[in-house]
Amino acid sequence: MIMNADFINSAEPRALIVEDEILIAEELKERLSRLGFSVIAAVDTADEGIAIATREQPDLVVLDIRLRGEKDGIQAAREIREQVDVPIVYLTAHSDRLTVERAKATEYDGFLLKPFQRRELQTTIEVAMQRRAIRARQKE
Amino acid sequence: MSAPAASPDFFTPSPFTKRLAYAIMVGTVVTVGPFLLWPALAVLFFGPNDYLPHAFCYLRRPALVWTHVTADSLIGLAYLAISVTLAYLVYKARRDIPFHWIFLAFGLFIIACGGTHFMEVVTIWQPVYVFSAAVKIFTALASLMTAVVLPFNVPTILALAQRAKTSEQVTATLRASEERKEALLREVHHRVKNNLAVICSLFYLQSTHTRDEETVQMFRDMENRVHSMALVHERLYGSENLARIDFAEYAQALAQDILSAHGSPGPPVQLKSDLEPVIMGADLAVPCGLILNELISNAFKHGFPDSVGGEIRLTLRNGADGKCSLLVEDSGAGIPEDLDINRSKSLGLRLVRSLTQQIRGSFDLVRIDSRTSARLVFTVNDHER
């Protein structure tokens, strides 16, 4: 399925996956490419994610909240957003209030629960990219 | 007929009441007894005499007289108030602090001290010095008794304080271990859910390696089944006690997920739900969730063949004695009339049948007008609620 071209600049939007569960990252890769994305990288630590996101400035970052290492996804989102404005979609296996509250305190464009449903993934990503497009238009 | 609950009344007094009554009796005998035995005592105490009231000593100077009166009255009242508070404290804490004669000794000592100060006020105008002397002797005895008894009770009081401290420590340890247990349980639910998510990913990845629609559908069915199990753990993770979930909330979330999974391109299907809260443990919620998943998925697959759409109605009733019923209806084509649920070879129905057996429930299909209702009846045990 090809994304609505209204809010996609290049022919193939580029996505970055930050997820420490490698098989879930694989599924995401597959699903995102079916949605018309080219996945530039799938990494499993916050630091790698921050480095690639700020260098490559992808059109979408899908970010797991629980990650290997010191930093978690929420911290990574904060650092990425300080430097570049990219749509960020959180991914988590738990929907407890504390995590949601902590995530809410950062800027993000979508929230996905694992295991995700096909439609859910698509609409969440669409909404996230739309939000980014609106922000970009407001800045002009 | 039920017998009235046994409670301590006048005829079966509690040990505390018994001791208090005993103390009051002794007190009355000690104070009234001497007057009864020796009536001349009253004359000696209160009869006319040649002594001069204290006011004479103070040369009836109002400033001095009233300073004494005020000070002594205040001291007396304060002593009285302290002993009343002490008595109230002992009464209130009678279940927590073991009754002890030391409290009574203290009370008596304080009241007596107050009495001597009140006597000071009286003797300013009335020279009842013999009675005043008697009150002083009584105070001296009470003070002496308390002074002697108190040191012997130091170990008991210290033990009491130690016990209070120990129980506080035990409470803190218990709370900490409770918190650790909770954190561990959360972690377990998170891990289980994460692993189930990985299984879903595996099914998905495998499904991308075939073009055969039927095979893809099989993997999707498996993914949905695992998803229905993962959802139980997600709910458990967010639940208060980490052991039970509200099946109404779960059913709503699952139905919505299945709805979004089946979404467009497909017939528009509305979800109508009327769910009463049913609290249950994970061992019941997992099979119930799997059954519900089959029923809703089945309604989607076979209920709406002619892209017109329709609605799926979910009803959950929480009846008496934990007997619950779950109804899944669809407004679509429904189930073939000649379908025998006990012989059907479809995996979905086989799963429903087996899982119903596992939860000791009953399952049947009802066809009213154009509506097909699948009904599951099961019981939530008391220990699970």
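In chain A of this predicted model, residues 24 or more positions apart make up 61% of the contacts with a separation of 6 or more. Of the chain's 140 residues, 41% count as buried. Chain A has five helices and five strands, and read from the N terminus the pattern is β-α-β-α-β-α-β-α-β-α.

The strands of chain A come together in an open sheet of five, in the order β2-β1-β3-β4-β5, with parallel pairing. At the edges stand β2 (38-43) and β5 (110-113) of chain A; each has a single partner strand, so one side of each is left without a neighbour in the sheet. Neighbouring strands here are turned by 20° against each other on average, if direction is ignored. Further in, strand β3 (residues 60-64) of chain A runs parallel to strand β4 (residues 88-92) of chain A, and four bridges join the two. Across this pairing, Val61(A) stands opposite Ile88(A) in β4(A).

Two helices of chain A pack on this sheet. Helix α2 (residues 46-56) of chain A touches β1 (14-18), β2 and β3 of chain A, and its direction makes about 165° with that of β1(A). Helix α3 (residues 73-83) of chain A touches β1, β3 and β4 of chain A, with its direction at about 155° to that of β3(A).

So which residues of α2(A) are buried? They are Ala46(A), Gly49(A), Ile50(A) and Ala53(A). Seen down the axis of α2(A), its buried residues fall within an arc of 100°, so they line one face of the helix. The spacing fits a general rule: an α-helix has 3.6 residues a turn, so residues three or four places apart point the same way. The buried residues of α2(A) pack against β1, β2, β3 and α3 of chain A. Just after α2(A) comes Gln57(A), with a positive phi near 45°.

Now for the packing inside. The largest nonpolar core has 84 residues, and those with the most contacts inside it are Val61(A), Leu63(A) and Val89(A). Its largest share, ten residues, comes from helix α9 (residues 282-303) of chain B. A second, separate core of eight residues includes Leu108(B), Ile110(B), Ile111(B) and Ala112(B). Back in the largest core, what does Val89(A) touch, leaving out residues up to four places away in sequence? The list is Leu60(A), Val62(A), Leu63(A), Asp109(A), Gly110(A), Leu112(A), Thr124(A), Ile125(A) and Ala128(A).

Chain B has an open sheet of five strands too, in the order β2-β4-β5-β7-β6, this one with mixed pairing. Its edge strands are β2 (269-275) and β6 of chain B, and each pairs on one side only. On average, neighbouring strands of the sheet in chain B are turned by 15° against each other, direction ignored. At one edge, β2(B) and strand β4 (residues 310-318) of chain B pair in the parallel sense over seven bridges, and Asp274(B) has Thr315(B) in β4(B) as its bridge partner. Helix α8 (residues 247-262) of chain B packs on the sheet, touching β2 and β4 of chain B, and its direction makes about 175° with that of β2(B). Helix α9(B) lies across β2, β4, β5 and β7 of chain B, running at about 15° to β5(B).

Strand β7 (residues 371-379) of chain B is a handy one to look at closely. Strand β5 (residues 323-330) of chain B runs antiparallel to β7(B), and eight bridges join them; here Glu329(B) has Ser373(B) as its bridge partner. Strand β6 (residues 362-368) of chain B also runs antiparallel to β7(B), with seven bridges, and Ile368(B) stands opposite Arg371(B). In a regular strand the side chains alternate between the two faces of the sheet. Which residues, then, are on the covered face of β7(B)? Thr372(B), Ala374(B), Leu376(B) and Phe378(B) are, while Arg371(B), Ser373(B), Arg375(B), Val377(B) and Thr379(B) make up the uncovered face.

Finally, the two chains meet. The contact takes 17 residues from chain A and 21 residues from chain B. On the chain A side, α1 (22-34) and α5 (118-139) each supply at least two residues, and α1(A) gives the most, with five residues. By class, the side of chain A that touches chain B has five nonpolar, three polar and nine charged residues.

Conventions
Residues are numbered from 1 along each chain as its sequence is written. Chains are lettered from A and ligands numbered from 1 in the order in which they are written. This is a predicted model: local features need pLDDT of at least 70, side-chain atom pairs count only at pLDDT 80 or more; totals for chains, interfaces and linings use all residues. A nonpolar core is a set of buried Ala, Val, Leu, Ile, Met, Phe, Trp, Tyr and Cys residues joined through C-beta atoms within 7 Å. A residue is buried if 20 or more other C-beta atoms lie within 10 Å of its own, exposed if 12 or fewer, and partly exposed in between; C-beta atoms are placed from the backbone. Two residues are in contact if their C-beta atoms, placed from the backbone, lie within 7 Å. Two strands pair if DSSP finds at least two bridges between them. Ala, Val, Leu, Ile, Met, Phe, Trp, Tyr, Cys and Pro count as nonpolar, Asp, Glu, Lys and Arg as charged, and the others, Gly among them, as polar. Axes are lines fitted to C-alpha atoms, for helices over the stretch in contact, and angles run from 0 to 180 degrees between N-to-C directions. The arc is that of the directions from the helix axis to the C-beta atoms.
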